[in-house]
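Work through the exercises below with the model open. Each task is followed by its solution.

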Amino acid sequence: MAGIVKEILAKPIQLADQIIKFSDDSTSYFRQDCSELKAKTEKLAALLRQAARASNDLYERPTRRIIDDTQQVLEKALVIVQKCRANGLIKRVFTIIPAAAFRKMGFQLENSIGDVSWLLRVSASSRDDEYLGLPPIAANEPILCLIWEQIAILYSGTLDDRCDAAASLVSLARDNDRYGKLIIEEGGVVPLLKLVKEGKLEGQENAVRAIGLLGRDHESVEYMIHAGVCSVFAKMLKDAPMKVQAVVAWAVSELVEHYPKCQDLFAQHNIIRLLVGHLAFETVQEHSKYAITSNKTNSIHAAAVVLASKSANVTKKNLVGNKTIDDDDDEKNGFIAHPTGNKHQMHSVVTNTIAMNFQSKPKNGNAVGQGIGKQTQSHHLQHQHNVLVAGASIKGRELEDPVTKAFMKKMAARALWQLAKGNSGICRSITESRALLCFAVLLEKGAEDVKYNSAMALMEITAVAEIDSDLRRSAFKPNTPACKAVVDQLYVIVKRADSDLLIPCINAIGNLARTFKATETRMIGPLVRLLDEGEAEITKAACIALTKFACTDNYLHIDHSKAIISGGGAKHLVQLVYFGEQFVQTSAVILLCYIALHVPDSEELGEAEVLTVLVWASKQPFLTQDETVATLLEDANSRLELYQSRNSRH
């Protein structure tokens, strides 16, 4: 950086020296004007040399802009003083330079002096909190200079100053997309990421929030990816305070939302694992895949059991009902009995074993050893087990306030929602963990915004599973606990039909339509009742979901079509085709066609005069202009004419 700045400054310093030299050679007619230009040029040259000496501290972006403008001013000044030199009678007689030209050049030199002075002040490491004002160059674009000032503080200020600067950039990026572009173009991403790693809690939050706001288009996100945002965010999700981690999760969701191609890059940095860990914390027991297992745990446990067994030289007897169980039976049945039948003695043995183990490693053992004396034995053992099994990344999270914990879950769910969109690999990673079970629990017990993000995540995961048969078979087996829990919660929400989660849950059920057995008809009834819902968006979502049950691609389409008819779907669909909004009418016609194709001899269809409805629909241009819908209408009409007319003859 220093070499680049010195190279930038070399040319204007040479120009300033030439102006000073040529001013001394000016004719007597122009001497007064040239002496004024010389004085201002000398002041500017001194500032340029000061800048060259401080090249290590100068912020490159404003340096280039200001020095380029200064060089242009000096080149014009040099032309003027060259014309004023006494190097010939003819030139002295015919050289005419208006007084206004000298005044204009003097004004431009003063502006350059102001610009370079501001550059030196803004790049200084100590500013004493004084207001630097705006340089003359800011007349055309004051926001740019404000951005320069804040980024310069990010590079060389104290941690507190950098925190304030990041907060200022957050305000600018939030106010205007163009300001965000300028922050990126002027090199603000690198010092922001540095502040994320090095700053205090508030500074880290501000820096992460700024990065999230800057990622509003794929070019900006791609720039930040190249700057190393993935690795920095992964480190924060592992080691930072929970308040910072929650903002990081939000920023991940923002970047991925605006540039989905970066999903796999975040996944490569273990972001999925870390987010699922935060989601699972105090929701369900974390999956072993996401826990840091330790050989130490096994060795401690083994040592404790060995010591316990040595202290018991007699055969223990445990009565279960009327049966006596010896040592071998205990192992078979999963029991670990106490050496003398005393629970507290077993606790003592384990505690002593842990203490001995940590005494051999004083660096890690002092705090633990002190804790043993201060806590009850059972509490210490439980805490020790949690730390060893869950890993250091969750240490201290139990002490966070409930609001922070809820915000963390909200943002973790939001990030997983955005990461899962259309990505089979990431959806597979999510479903192989306890995330599905977490989403089910949060749908039931979480705060409203946590429920919404969880529902949206499930909708995206099931949408991928609908297309990816391998994922569908592995993640959504009907008999698995996680799948059952998810389906149960989706069913409750759809049956209740009074929640903001209704549409994503309807969509999720539709995406899972191929996974339901013929006997699993409970989903059909609530969806059919939603066909009579007054809100058009909900009605359309219900039509689309039921279509996935009744379409030919679903192996159980006949069973599901009969269930829709039994639930009273035919009469609701007839009403929607005739009187629904246009975008709902199309979905209703498609569903009605599939039902007519698969159960053409249904008496309910005849009573609802579905054939008449479909004949009417076949004459509507907005329906028949879609070739797929037109073909469905033609096939359904043919089937109904055959079966309904035959039934009428009987």
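**Exercise 1.** Classify the packing of helix α21 against helix α22 by angle, then list the residues in contact.

Solution. This is a predicted model. Start with the geometry. Helix α21 covers residues 402-420, and helix α22 covers residues 424-432. Their axes lie 8 Å apart, at an angle of about 140°. Angles over 145 degrees count as roughly antiparallel. The angle here therefore makes α21 oblique to α22. Next, the residues. α21 supplies Leu 416, Leu 419 and Ala 420. α22 supplies Ile 426, Cys 427 and Ile 430. Now sort them: six are nonpolar, none is polar and none is charged.

**Exercise 2.** Repeat the analysis for α23 and α26, and add the handedness of the crossing.

Solution. Take α23 as residues 435-445 and α26 as residues 481-496. The axes come within 8 Å and cross at roughly 30°. Angles under 35 degrees count as roughly parallel, so α23 is roughly parallel to α26. The crossing of α23 past α26 is left-handed. On the α23 side, the contact uses Leu 436, Leu 437, Ala 440, Leu 443 and Glu 444. On the α26 side, find Ala 482, Ala 485, Val 486, Gln 489, Leu 490 and Ile 493. By class, this contact has nine nonpolar residues, one polar and one charged.

**Exercise 3.** Which residues have the most contacts inside the largest nonpolar core?

Solution. The core has 196 residues. Phe 233, Phe 266 and Phe 439 have the most contacts inside it. Helix α13, residues 242-258, gives the most to this core, with 11 residues. Now inspect Phe 266. Its contacts include Phe 233, Val 252, Leu 255, Val 256 and Leu 419.

Key. Residues numbered from 1 in each chain as written. Predicted model: local features only at pLDDT ≥ 70, side-chain atom pairs only at ≥ 80, totals over all residues. Heavy atoms only, no water. Core = buried A, V, L, I, M, F, W, Y, C linked by side-chain atoms within 4.5 Å. Buried < 20%, exposed > 50% of the residue type's maximum accessible area, 1.4 Å probe, protein only. Helix = DSSP H or I, 4+ residues; strand = E, 2+ residues; numbered from the N terminus. Contact = heavy atoms within 4.5 Å. Axes fitted to C-alpha atoms, helices over the stretch in contact; angles between N-to-C directions. Parallel < 35°, antiparallel > 145°, perpendicular 65-115°, else oblique. Left-handed = near helix turned anticlockwise from the far one by under 90°. Nonpolar A, V, L, I, M, F, W, Y, C, P; charged D, E, K, R; others polar. Lists of a residue's contacts leave out its neighbours within four places in sequence.
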